[in-house]
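Here's a walk through one protein model, from its overall make-up down to a few single residues. Keep the structure open while you read.

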Amino acid sequence: MRIFPKSTATGPGRAQPPGPAQSTPPRPADSALPSEIWVLVSASFVIALGFGIVAPALPQFARSFDVGYIAASAVISVFALMRLLFAPMSGALVQRLGERPTYLTGLLIVAVSSGAVAFAGDYWQLLLFRAVGGIGSTMFTVSALGLLIRITPPGIRGRVSGLYATSFLFGTIGGPLVGGALAGFGLRAPFLIYAVALLVAAAVVYVSLKGSALASPDAAGSPVTMTLRQALASATYRAALVSNFANGWVSFGVRVAMVPLFVVEALDEGTALAGVALTVYAVGNALVQIPAGRASDLRGRRPFVLAGLVVSGSATAVLGFSDNLLVFLALSLVAGMGSGLMNPAQQAAVADVIGSKARGGPVLATFQMASDVGVVAGPLIAGVLAQYLSYGVAFAVTGSLMLLPVAFWLVAPSSIPQPSAGDAADQGADGVGGPDRGHPEDK
């Protein structure tokens, strides 16, 4: 059903009527990446690297205050909880202030809170500073996605989504290695290093994006906005919410919580090999994200999301029945490749719905929250299943959940991505936020 009438205006900066000249989008390989994208990709790597540096030290640092394992785990959980709770406010800030100010403010909040962690005098101070860091984290996560959508030309959204996700992934892989090398400097040193790295990243982003017409295209006039209600009218956006929830549950929740336990308790291997299993999954991700994102620009988003859901879900469903480490590692690699197939296409699909000229803070915040809810709920339910039934049942249910979004994506539009009316440079009566917006699904 068409929610908004299509614009028929023509001329510079306006969406052109459908015709043979617009039937084929520009090939991603033919489109150079704007310099602003490289700035955000580099900042993403630095942020992830720093997060990986502090991650191994955080539980030990909490335990140094003579608290139990539950309290030490709470330091990690409170960060994720604040991300989830503050996401709607982050979306509102993006809508009101814009992506770049929200992004920079979020980075500064995490930098200051991380530096404060290094000087925490007791456990409760540590818990408070980590909670504040979670607020800043969701601010720059939501706004970073909004900035990417603004800056990226429509024909290379999948390519850029894959590049951005891969840079973050490499940072999370390399961070623990750097953190291990810094272990000799004490448990507080990684937090100071992370704080400095974030301050440098914020300064680079501020200088590089200051005055950028791509990052602030509405600077000369009223910003164009997309509401959550408008986005929910899109079958593509609804499908992306469901698949992002499942991916958060499976890839970021159950995988991190259950895989190390399974390797140690069921396969009777050491904790070092548990880390290897997680790394193998990440390698699978890294192998396919960029080529899958690039291909989704040519062939559409839906085929890659569907393939990723099926591959990742099927491999995850049989993980718990493995009785051999090599088989388990092979399945982990396949599951990681499946996740890598879907993630860039899924994020690019959300960008297609919003368009380059609209602020969609609540739309992006809800998309992030879908994953965060899965991250919180997945390990809890899988843990109950493993404890009272078996690991096999826990992983089978987890993998099956990854297959449920297939039904939503099968009814989503499958056309090759085209610039929406929201990508028009001139936002007049047919702007994204107005009643005459051409909906992407009408193309």
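## Overall make-up

The protein has 15 helices and 2 strands, where helices (H or I, at least four residues) and strands (E, at least two) are DSSP runs numbered from the N terminus. This is a predicted model, so local features need pLDDT of at least 70 and side-chain atom pairs count only at pLDDT 80 or more, while totals for chains, interfaces and linings use all residues. Residues are numbered from 1 along each chain as its sequence is written, and side-chain values use heavy atoms, with hydrogens and water left out.

How much of the protein is buried? Of its 443 residues, 53% fall in that class; buried means under 20% relative accessible area, exposed over 50%, and partly exposed in between (1.4 Å probe, protein chains only). Contacts here are heavy atoms within 4.5 Å. Take those between residues at least 6 apart in sequence, and 86% of them join residues at least 24 apart.

## Helix 12

Helix 12 covers 325-354. Its 30 residues should span 44 Å at 1.5 Å a residue, and the end C-alpha atoms are indeed 44 Å apart, which agrees. (The expected span is 1.5 Å times one less than the number of residues.) Of those 30 residues, 23 are buried, so helix 12 is largely enclosed by the rest of the structure.

Both ends are worth a look. At the N-terminal end, Asn324 acts as a cap, with a side-chain oxygen 2.8 Å from the backbone nitrogen of Leu326. That's a polar contact: a pair of N or O atoms within 3.5 Å, where within protein one must be able to donate a hydrogen and the other to accept it, and residues adjacent in sequence count only if both atoms are side-chain atoms. After helix 12 comes Gly355, with a positive phi near 85°.

## Cavities

There are 3 cavities of 30 Å³ or more. A cavity here is a set of points on a 1 Å grid, over the protein atoms alone, where a 1.4 Å probe fits but cannot get out; lining residues have an atom within 4 Å of a point. Grid points are joined across faces, edges and corners, and the volume is the space filled by probe spheres set on the points.

The largest cavity has a volume of about 100 Å³. Its lining takes in 13 residues, and Arg255, Val259, Tyr281, Thr316 and Leu319 are the ones nearest its centre. Helix 9 (235-266), helix 10 (271-299) and helix 12 each give two or more residues to this lining, with helix 9 supplying the largest share, 5 residues. By class, the lining has 9 nonpolar, 3 polar and 1 charged residues. Ala, Val, Leu, Ile, Met, Phe, Trp, Tyr, Cys and Pro count as nonpolar, Asp, Glu, Lys and Arg as charged, and the others, Gly among them, as polar.

The second largest cavity comes in at about 60 Å³. Residues lining this one include Leu145, Arg157, Gln347 and Ala351. Two or more lining residues come from each of helix 5 (123-151), helix 6 (157-181) and helix 12. The class count is 5 nonpolar, 3 polar and 1 charged.

## Residues in helices 9 and 10

Ala240 sits in helix 9 and, at 0% relative accessibility, counts as buried. Leaving out residues up to four places away in sequence, Ala240 touches Gln346, Val350, Phe367 and Trp409. Ala240 and Gln346 are 106 residues apart in sequence, yet 6.1 Å apart in space, C-alpha to C-alpha.

Over in helix 10 you'll find Ile290, which is partly exposed at 28% relative accessibility. Ile290 touches Gly162, Leu163 and Thr166, with the same four-place exclusion. Its C-alpha is 6.0 Å from that of Arg159, although Ile290 and Arg159 are 131 residues apart in sequence. Ser296 is also in helix 10 and is buried at 0% relative accessibility; the Ser296 side chain reaches the backbone oxygen of Gly293 at 2.8 Å.

## Two more local details

Gln230 is in helix 8 (residues 228-232) and counts as buried at 12% relative accessibility. A polar atom of the Gln230 side chain lies 3.0 Å from the backbone nitrogen of Thr227.

Is Asp66 buried or exposed? At 76% relative accessibility, Asp66 counts as exposed. You'll find Asp66 in the loop between helix 2 (57-63) and helix 3 (69-97), with phi near 60°, a positive value in a residue other than glycine.

Definitions and conventions:
On a 1 Å grid over the protein atoms alone, a cavity is a set of points where a 1.4 Å probe fits but cannot get out, and a pocket is an open set with protein on both sides within 12 Å along at least five of seven lines; lining residues have an atom within 4 Å of a point.
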